[in-house]
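The following exercises introduce a structure through its charged side chains and its overall build. Each task is followed by a worked solution.

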Amino acid sequence: MSVTTPSAAAPAKAASENHDERLRQVSRLKRLLSRPELGSISGAILVFLFFAIVAGDSGMFAADGVLNWTTVSAQLGIIGIGACMLMIGGEFDLSIGSMIGFAGMMIAIPAVYWDWPVWLALMFAFSGALAIGFTNGFIVVKTGLPSFIVSLAFLFILRGLTIALSILFTNRTIVGGVHDRAEGDWLAAAFGGEIGGWLFAWLANIGLIGTYPNGDPLVSGIPMVIVWWMLLAIVCSWVLMRTKYGNWIFATGGDAKAAKNVGVPTDRVKISLFMFTAFCATVLAACQVLEFGSAAADRGLLKEFEAIIAAVIGGALLTGGYGSVVGACFGALIFGVVQMGINFAGFNSDWFRVFLGAMLLVAVLFNNYIRKRVTEAH
Amino acid sequence: MAEFILELQNVSRYFGSVIALKDINMQVKMGEVHCLLGDNGAGKSTLIKTLSGVHQPSEGVYLYEARPVRLNSPRDALDHGIATVYQDLALVPLMSVTRNFFMGREITKGWGPFKRFDLDNANRIAQQGLADIGIHVRDPEQAIGTMSGGERQCLAIARAIHFGAKVLILDEPTAALGVKQCANVLKVVAKARARGLAVILITHNVHHAYPIADRFTLLNRGRSLGTYLKSDVTREEVLGMMAGGAELEELEAELSEFSRADQNKVANA
Ligand SMILES: Nc1ncnc2c1ncn2[C@@H]1O[C@H](COP(=O)(O)OP(=O)(O)OP(=O)(O)O)[C@@H](O)[C@H]1O
Ligand SMILES: [Mg+2]
């Protein structure tokens with residue numbers, strides 16, 4: 001025993017000397033592997049490859065096809081970002097979908113039935129939504145009830161109110177005629193308009209994108225819903241990763257008690273995040289109302305689940321404190337590509353739900369594994 | 001400047017019908033380690049939560065630099081330079097060393113809407129702050145979850161020291177640690193004292209407390225048994241005064257009784 005010990009110790013010591021160098025490389029790779037958005041980015045690549053093979057010649061990747069699935073992704077992405085930020089902050093909001101319907105009515109009814117200018121109706125809707133988000137958050141932090149239950153209550157309250165109030169004020173559940181009112185309104189253009197029309201005209205001119213028989217380009221501009229998605233993605237990602245408030249969000253969701261003990265105003269953080277999800281829902285509602293020219297009481301049905309799924313696919317942990325806005329955006333992109341891709345490829349659209357559920361399950365398993373990597377001593 | 005930085009006069013704290021603290025008097029001096037001793041449920045955690053603004057006294061006066069204060073939140077206490085390292089350390093395992101170090105007190109650069117968390121500087125400061133007390137981290141962006149208990153304890157202390165704590169309150173810093181890590185943490189406490197901080201240290205373990213403490217306050221079932229200077233009491237006296245001290249003596253007596261009986265048996269056989 002005593003003879004073999006020194007000889008065994010010598011190589012061990014030599015190994016431990018360049019140990020650090022090797023550890024460094026491993027940890028860099030490991031850090032990359034434990035980024036929350038890794039799963040959704042690789043998922044998005046796989047999905048693109050898949051549809052490039054099965055639907056490559058269907059027009060899915062022509063200019064109008066791209067616009068088609070990008071728009072669907074953007075619609076989900078906007079509320080996915082809100083849901084993701086809130087989840088990182090440790091809470092859920094199941095009332096996002098109902099909020100979309102309610103906010104839509106808060107825009108359409110004043111604009112069409114009460115003769116308000118559209119900009120005023122929009123501001124009214126945003127203030128109303130923020131107030132509801134505040135109430136939601138206030139109840140959660142003051143009562144300590146799970147946000148799951150509180151926002152579930154709001155899911156029903158808001159949906160019920162949307163239908164009841166629109167019937168009370170207008171006698172119908174679909175309120176149209178917003179287009180006429182929005183004509184020339186400065187704020188309406190920020191949600192219903194398009195940008196970059198000249199660019200697409202030029203691209204069509206030089207033959208880079210296709211045209212209709214009458215010579216108009218297939219794509220006339222980028223809808224504002226996509227612009228909002230990109231804008232929110234950049235701003236929120238920056239806020240989350242690079243600001244004090246972002247650090248507070250991670251801390252609040254990671255361990256609210258610990259955060260509070262070192263002086264993070266966790267209640268304020270949570271309430272503001274509930275307000276932000278309501279804001280996101282209203283942005284989407286405004287884009288839809290001003291694009292379609294109408295509000296419908298059933299709009300946004302089940303969207304809260306899709307938003308949460310996008311956030312989870314994007315790497316957000318259900319327990320809070322971990323996640324990524326970029327990840328949630330890729331989660332939404334996967335959604336849009338698959339939902340539209342299934343049409344382009346000519347599959348039965350029922351498969352979309354099957355795919356959705358499977359994707360969610362895989363994402364949660366993957367996230368669990370990542371969390372273990374991040375938090376367990378090695 | 002007042003002789004005592006913190007002073008409690010007849011402070012009580014009730015939770016509904018539970019009397020967690022009753023008529024506590026206590027004085028804390030700069031440059032001293034003040035040790036709170038007591039059994040489970042004696043009220044040690046409640047006392048330091050009162051000192052650090054988590055709870056407010058139900059009765060009695062809290063003096064800071066000889067002036068009565070009311071600390072409404074841990075933030076208030078921090079602004080007075082009273083920093084607490086809780087039993088749960090107030091660290092978030094999923095967050096990086098740096099993000100934890102600066103949690104709630106992020107340094108920023110830029111102005112207006114472009115004001116941002118200065119991560120490069122923060123990384124450097126966190127690494128340096130830890131190195132100053134003898135902890136070397138390879139990567140300040142690694143998650144805390146990967147660090148050992150002792151390292152986390154030291155990180156929490158380094159954080160408090162860095163943010164200009166005048167009073168450092170430590171709740172059972174050595175509870176879950178091995179011998180070596182324990183010694184490291186106590187060394188860090190000594191460094192803090194050498195910098196002139198007042199340290200309030202909670203422990204069950206007299207053997208950890210005695211070598212480093214300058215003053216002891218003993219708690220028993222929510223009441224204070226008094227404050228003693230180390231020069232006035234021996235380790236055994238402190239042990240004897242602690243709740244359970246009597247039981248320990250009894251246990252020792254019983255054990256020696258057993259061993260005598262055993263010896264008798266051996267002798268008889
Ligand atoms: N928030 C609260 N509500 C009701 N009772 C409480 C509360 N906090 C503490 N207590 C009670 O006060 C008493 C003292 O508790 P405390 O946590 O201060 O003890 P401790 O000395 O820190 O014990 P330990 O050594 O186990 O940490 C206990 O009986 C406890 O049940
Ligand atoms: Mg305690």
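Helices are DSSP runs of at least four residues, numbered from the N terminus. The model is predicted.

**Exercise 1.** Determine where Lys303(A) and Glu306(A) lie and how their side chains meet.

*Solution.* Step 1: both residues belong to helix H15 (residues 303–313) of chain A. Step 2: they are three residues apart, about one turn of the helix. Step 3: their side chains form a salt bridge, with 3.2 Å from N to O. Step 4: the cut-off for a salt bridge is 4 Å between a side-chain nitrogen of Lys or Arg and a carboxyl oxygen of Asp or Glu. Step 5: Lys303(A) counts as partly exposed because its relative accessibility is 26%, while Glu306(A), at 17%, counts as buried.

**Exercise 2.** Locate the partners Asp115(A) and Arg181(A) along the chain, and classify each by accessibility.

*Solution.* Step 1: a salt bridge of 2.4 Å (N to O) joins the two side chains. Step 2: Asp115(A) sits in the loop between helix H5 (96–113) and helix H6 (118–143) of chain A, whereas Arg181(A) is in helix H8 (residues 178–182). Step 3: the pair links distant parts of the chain, 66 residues apart. Step 4: with 53% relative accessibility, Asp115(A) is exposed; Arg181(A), with 36%, is partly exposed.

**Exercise 3.** Explain which parts of chain B the pair Glu32(B) and Arg215(B) ties together.

*Solution.* Step 1: the side chains of Glu32(B) and Arg215(B) meet in a salt bridge of 2.7 Å, N to O. Step 2: Glu32(B) is in the loop between strand S2 (18–28) and strand S3 (33–38), and Arg215(B) is in strand S11 (residues 215–220), so the pair connects parts that are 183 residues apart in sequence. Step 3: Glu32(B) and Arg215(B) are both buried.

**Exercise 4.** How many salt bridges are found over all chains, and how many across the interface of chain B and chain A?

*Solution.* Step 1: the search of the whole structure gives eleven. Step 2: across the interface of chain B and chain A there are zero. Step 3: the contact nevertheless involves 31 residues from chain B and 35 residues from chain A. Step 4: the two chains bury about 2600 Å² between them, of which 57% is on carbon and sulfur atoms.

**Exercise 5.** Describe the overall build of chain A.

*Solution.* Step 1: chain A holds 17 helices and four strands. Step 2: of its 378 residues, 49% are buried. Step 3: its C-alpha atoms fill a box of roughly 95 × 60 × 35 Å along the principal axes.

Terms used
Residues are numbered from 1 along each chain as its sequence is written. Chains are lettered from A and ligands numbered from 1 in the order in which they are written. This is a predicted model: local features need pLDDT of at least 70, side-chain atom pairs count only at pLDDT 80 or more; totals for chains, interfaces and linings use all residues. Side-chain values use heavy atoms; hydrogens and water are left out. Helices (H or I, at least four residues) and strands (E, at least two) are DSSP runs, numbered from the N terminus. Buried means under 20% relative accessible area, exposed over 50%, partly exposed in between (1.4 Å probe, protein chains only). Contact means heavy atoms within 4.5 Å. Buried area is the accessible area (1.4 Å probe) that two parts lose on being put together, summed over both.
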